Number of protein chains: 2
Amino acid sequence: MELDDRKKRVLQAIVDDYVATNEPVGSKSLIERHNFQVSSATLRNDMAELERLGFIEKPHTSAGRIPSDRGYREYVDSLMKIDTLSQKEQQEIESRIAGTVDEATELIKNAAHTLSEATGFISLSMSPRLRKSFLKQIKLLMIEPGKALVVLVLSAGVVKDKIVRIPNFITDEQMMQISGAIEKNLTGKPLDEITLVTVETAAKDTEIPSALLRQVLYEAYTAIKQADQLSIYLEGEHKMLAFPDFSSMGRARDLLGTLSDSGMVAGYVNEMENQAAVSGKKDSYMIRIGQEIALEGLDDCSFITATYDMGDTVFGNIGVIGPKRMDYSSVISKMDFVKKKLNEELKKLT
Amino acid sequence: MELDDRKKRVLQAIVDDYVATNEPVGSKSLIERHNFQVSSATLRNDMAELERLGFIEKPHTSAGRIPSDRGYREYVDSLMKIDTLSQKEQQEIESRIAGTVDEATELIKNAAHTLSEATGFISLSMSPRLRKSFLKQIKLLMIEPGKALVVLVLSAGVVKDKIVRIPNFITDEQMMQISGAIEKNLTGKPLDEITLVTVETAAKDTEIPSALLRQVLYEAYTAIKQADQLSIYLEGEHKMLAFPDFSSMGRARDLLGTLSDSGMVAGYVNEMENQAAVSGKKDSYMIRIGQEIALEGLDDCSFITATYDMGDTVFGNIGVIGPKRMDYSSVISKMDFVKKKLNEELKKLT
DNA sequence: TGTTGGCACTCAGGTGAGCCGAGTGCTAAT
DNA sequence: ATTAGCACTCGGCTCACCTGAGTGCCAACA
């Protein structure tokens, strides 16, 4: 079922107008704004057809039409043309991202911040997926009796650390020994191939009493595992309250309530990424619209995410969450540009 | 100007009722709920007097009275009696805080989380003020050419680190040398006594070419300074949307908008703490009500904070932000208990 | 077959009148 | 100092009404 040309134009015009005005758009106002060379009655027929096909819907009988989720979907998939950013916008974004910080995590958050400022929506950033990155260094640093710091240096220039408890009477030299042994045997291994067993065998030719050893190794292991946990960072939640789309308080509460469970959101974004990966259609961005989003309270939102890249199969996501009634073209072009700049900066860091 | 006994009771009853019902309270309903041994007309006289004195006010002519900021102030200062928590509540809180994590930062966030859950309000936690804490260890760890990790171990068991850039051709041994020299000379110094000069003199008897040295020392210095920066963590913002007090969307937006600038909030809490310190009346908690709060959009809120303690004059704050129409007694008792448990746990960590 | 003008119908939202009731201030009596 | 009584206020609710933008459908036309 293909839409004929005029119907496409009609759908496009409806989305554009509705996004711009936040009012259901009727056949008459459609004629006024766009110069279709036909009468309003003809458009009414087209609109009836579009409604039958599920692209648009009526809030109530005697109102204009608004795009349905499917209508937005059609719009982003084949109707819209992506904006190019003005020089000024590009500069604005560039100056915020370029050369600001030396650390990947900060850089990524910074990019997300820029994105939120540029779009006026909520921005999100996911920490890099480190499963596939490999260990470049691991150090156990004695802090005080019973307490040590595990420092991991991963490929892609990421550093993680964690304070752990260790047996009280372990000595500084013993720790150095363990540290050295682990490092020697684990360096170069991808994180997802490191198991408790790997860690234990890595340290088996030290002369530390095994009771002591076990606990230290276990803590080192959990530190490693913890390093590849995904975390998400959201910013600009309050901006959603400014949109009439969420003026009903109930919706606003549901939305912010769901977003406050960052673990859930992170899981969802992760799943989006995975699905995109298996489906093979790895676009430069991913979009989920309205009900397509399997999170409570996000029916009126859209998710748009992109992937940033840190080399060595290490990557993560940045994105925005906005009302589904948004200017997709503008948002996507902004996100694309931010992503590009972010990737450039990340490359410089390695 | 002292209130006579009955007027005190009237004010107290008005606050209690208004907090419970969120409706302006009138003379008649006051008689019904509380057994004053006088007529409603008498109460009306009292209420007129209380209004003249600024403790209560009318939303409009023909409505009951609601407490003014000053009324709440009088209430918390001299009228309310602090609840004691039920066994069950105590256990609930205790089980969430006790023995959960090994790291101070996590523990504090966790306490704040518990507080938000227990009260249903926004909770806040400030990072410990480390200016007065002293350096127990400082290590420079070579990560890769051009990049190093500065690890600081402070008294009170806090560990901070930062990735810094260093000259590319500096060697591992040179780093160790610098690291050793700094550590030897700076250990035991309070953070606020460490300046760039201190750091530079600490390393002056190494044999590293001074051009290289300078950059490393500078980076080490910024890492140290960065360690005592205050940071704040807010949680549960979305919960405020559930209160009728913020149902007007405009207010909600102002509130969340202001809170999204965490630097500003941190600065404010810090200032509160300082003022309490100089005024000398160091209570177990601090309260700011309504307009007393010098932050935009918080006119309808109250801040309640307490101080946690990590020994060695290192301390920070936890607290809640809720509608000023809140059950102060219950909130304060909860916060007090959480604070107590947090302090106990922090003590165990050192 | 696609397009058009015309017409009856629908319905959300705004307006204004009217009523209700909780609450007040004031006054005169106790 | 307290109380009973009374006139007055005013926010909020309900109801009826109107308006206007928009629709669906039909008959006519190219």
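**Exercise 1. Determine which atoms of Arg65(A) and DNA strand D approach each other, and describe the surface near that strand.**

Solution.

Step 1. An N or O atom in the side chain of Arg65(A) lies 3.0 Å from a phosphate oxygen of DNA strand D. A polar contact is a pair of N or O atoms within 3.5 Å; within protein, one must be able to donate a hydrogen and the other to accept it, and residues adjacent in sequence count only if both atoms are side-chain atoms. The model is predicted: local features need pLDDT of at least 70 and side-chain atom pairs count only at pLDDT 80 or more, whereas totals for chains, interfaces and linings use all residues; side-chain values use heavy atoms, with hydrogens and water left out. Residues are numbered from 1 along each chain as its sequence is written, and chains are lettered from A and ligands numbered from 1 in the order in which they are written.

Step 2. Backbone atoms also approach DNA strand D. For Ser39(B), a backbone N or O atom is 2.8 Å from a phosphate oxygen of the strand. For Ala63(A), a polar backbone atom is 3.3 Å from a sugar or linking oxygen of DNA strand D.

Step 3. The surroundings of DNA strand D comprise 22 residues, the closest being Ser27(A), Ser39(B), Thr42(B), Thr61(B) and Ser62(B). A residue is near a strand if one of its heavy atoms lies within 4 Å of it. Of the strand D atoms within 4 Å of the protein, 80% are sugar or phosphate atoms, and the rest belong to bases.

Step 4. H3 of chain A and H3 of chain B each supply at least two residues of this surface, and H3(B) has the largest share, four residues. Helices (H or I, at least four residues) and strands (E, at least two) are DSSP runs, numbered from the N terminus. By class, the surface near DNA strand D has four nonpolar, 12 polar and six charged residues. Ala, Val, Leu, Ile, Met, Phe, Trp, Tyr, Cys and Pro count as nonpolar, Asp, Glu, Lys and Arg as charged, and the others, Gly among them, as polar.

**Exercise 2. Identify the residues that come nearest to DNA strand C, and the element that gives the most to the surface near it.**

Solution.

Step 1. DNA strand C has 21 residues around it, of which Arg6(A), Ser39(A), Thr42(A), Thr61(A) and Ser62(A) come nearest.

Step 2. Individual atom pairs follow. A polar side-chain atom of Arg6(A) is 2.8 Å from a phosphate oxygen of DNA strand C. The side chain of Ser62(A) has an N or O atom 3.0 Å from a sugar or linking oxygen of that strand. From chain B, an N or O atom in the side chain of Lys58(B) is 3.4 Å from a phosphate oxygen of DNA strand C.

Step 3. Two or more residues of the surface come from helix H3 (40-52) of chain A and from helix H3 (40-52) of chain B. H3(A) gives the most, with four residues.

Step 4. This surface divides into four nonpolar, 12 polar and five charged residues.

**Exercise 3. Describe the interface of chain B and chain A: its area, its contributors and its salt bridges.**

Solution.

Step 1. Contact (heavy atoms within 4.5 Å) joins 31 residues of chain B to 31 residues of chain A. The buried area is about 2900 Å², with 62% given by carbon and sulfur atoms; this is the accessible area (1.4 Å probe) that two parts lose on being put together, summed over both. His238(B), Leu241(B) and Met249(B) supply 20% of the area that chain B buries against chain A, more than any other three residues.

Step 2. Two salt bridges cross the interface, the term meaning a side-chain nitrogen of Lys or Arg within 4 Å of a carboxyl oxygen of Asp or Glu. Lys136(A) pairs with Glu144(B) in a salt bridge, with the closest N and O atoms 2.8 Å apart.

Step 3. Eight residue pairs are in polar contact between chain B and chain A (both at pLDDT 80 or more). Strand S4 (135-144), strand S5 (147-154), strand S6 (158-165) and helix H10 (250-260) of chain B each supply at least two residues of the side that touches chain A. S4(B) gives the most to that side, seven residues.

**Exercise 4. State how chain B is superposed on chain A.**

Solution.

Step 1. A rotation of 180° with 0.0 Å of shift along its axis superposes chain B on chain A, with RMSD 0.2 Å. The two copies are therefore related as by a two-fold rotation axis. The fit is by least squares on the C-alpha atoms of residues with pLDDT of at least 70 in both copies.

Step 2. Met249(B) is the residue of chain B closest to the rotation axis, at 3.5 Å (C-alpha).

Step 3. Because 100% of the interface residues of chain B are also interface residues in chain A, the copies meet through the same surface.
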